[in-house]
Each structure stands twice: as structure tokens, then as C-alpha cells.
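Visitor: Please take a close look at one part of the surface, and show how the rest of the chain is arranged around that topic. Keep the cut-offs explicit.

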Amino acid sequence: MRSGLRNSEQHAELGEHVYKVIQALNEATFKILKVILYYVPIGIFAILAETIGKQGLETILSLGNMIVVLYIALFVQVGIYLLLLVLFKTNPIEFFKYARTPMITAFATQSSSGTLPLTLDAGKNLGLFQKAFIVLVFHWGRR
């Protein structure tokens, strides 16, 4: 990938130096991140050991139960979506093809407002009635 500064005849040398500095900083960042990620499991183990030592194993088990309930609720939600898609004679494969990106982004970022542009794009690509769709998305997306 070439930058505009490196392509310029006047600033080619300066652009090359800037590029090399950025590359070096990028490599340094990845090396530091690699070291941090190497020690993360040890830190997590230490946090778990302290929590279990102070509060007992029941605390961790109740957290595990909550996670199981969360995943059950997510599967029920997808089941309800599938039922509604079938009732409204919409192809579920086509729907999830377009809805996949906003759904994954919302799940990963835990932000509904951050996915609004992606959701609007998916709705447009699915051919949904735009005015009603925008009202519905913005109304429920703010909650």
C-alpha cells in the first residue's frame, strides 16, 4: 500500500521515512500486544483463584448459570425470528445473509446504536419498506 506522501516526487524521501516510522511503531505495538496476551491467562487464573478463595465456588457457578441462561435466551430469540420469517413468507437464509453483519456487530460491541448504519443498510438490501423500517429501527434501537 502506497501513501500519497510517498508517491509525491517532492516529498518521496520524507514520505519513506514517515512510512518506516509507522511500520516500526506498528511492529512494536504487535510485539507488546503479544507479550500482554501471553500473560492474560495467568491474570485471569489469578482473578478466578482470588474470587473463589474469598467468595467460594458458588459465585463462579452462579455466573456460569447466568451465561447458560443468556445463550438459551439468544437461541429462543433466533427461534422467534425464524417463526416470524416463516409466517411472513420471508426466506430465512436470505434474511440472515443480510442481517448477519449487524447481528454479529451488535453482539460483539454490545452497542445497538453503533450498528444502526449497518442495520439500515441490511434493511435497504432486503427491500424493506424504508419509512416504517427506519421508525422501527430507531425506536427500538434507542432502548
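**The nonpolar patch and its helices**

Guide: Phe30, Ile32, Leu33, Ile36, Leu37, Val40, Ile44, Leu48, Ile52, Leu57 and Leu61 form a nonpolar surface patch, with a combined accessible area of about 990 Å². The model is predicted, so local features need pLDDT of at least 70, side-chain atom pairs count only at pLDDT 80 or more, and totals for chains, interfaces and linings use all residues. Residues are numbered from 1 along each chain as its sequence is written, and side-chain values use heavy atoms, with hydrogens and water left out.

Patch members have over 30% relative accessible area and no salt bridge; nonpolar side chains (Val, Leu, Ile, Met, Phe, Trp, Tyr) are joined within 5 Å, like charges within 9 Å. Areas come from the Shrake-Rupley method with a 1.4 Å probe, and for residues only the protein chains shown count as cover.

Where does the patch come from? Helix 2 (12-55) and helix 3 each supply at least two of its residues. Helix 2 gives the largest share, nine residues. Helices here are DSSP runs (H or I, at least four residues), numbered from the N terminus; strands (E) need at least two. One member, Leu33, sits in helix 2. Leu33 can join because its relative accessible area is 39%, which is partly exposed. The classes are buried under 20%, exposed over 50% and partly exposed in between (1.4 Å probe, protein chains only).

Helix 2 also holds a charged pair. Lys54 and Glu50 meet in a salt bridge, 3.0 Å from N to O. The term means a side-chain nitrogen of Lys or Arg within 4 Å of a carboxyl oxygen of Asp or Glu. A search of the whole structure finds one. The two residues are four apart in helix 2, about one turn. An α-helix has 3.6 residues a turn, so residues three or four places apart point the same way. Lys54 is exposed at 65%, while Glu50 is partly exposed at 44%.

Next comes helix 3, the other contributor to the patch. Helix 3 covers residues 57-87, 31 in number, and spans 45 Å between its end C-alphas, close to the expected 45 Å. The expected span is 1.5 Å times one less than the number of residues. Lys89 follows, in the loop between helix 3 and helix 4. Its phi is near 55°, positive although Lys89 is not glycine. Lys89 counts as exposed, at 79% relative accessibility.

Helix 4 (residues 92-109) has 18 residues and reaches 24 Å, close to the 26 Å expected. Asn91 caps its N-terminal end: a side-chain oxygen lies 3.1 Å from the backbone nitrogen of Ile93. Helix 4 bends by about 50° at Ala99, and Pro102 follows within four residues. That bend is the angle between axes fitted to the seven residues ending there and the seven starting there. Gln110 comes after helix 4, with a positive phi near 55°.

Now the whole chain. The protein chain has six helices and zero strands. Of its 143 residues, 9% count as buried.

Terms used:
A polar contact is a pair of N or O atoms within 3.5 Å; within protein, one must be able to donate a hydrogen and the other to accept it, and residues adjacent in sequence count only if both atoms are side-chain atoms.
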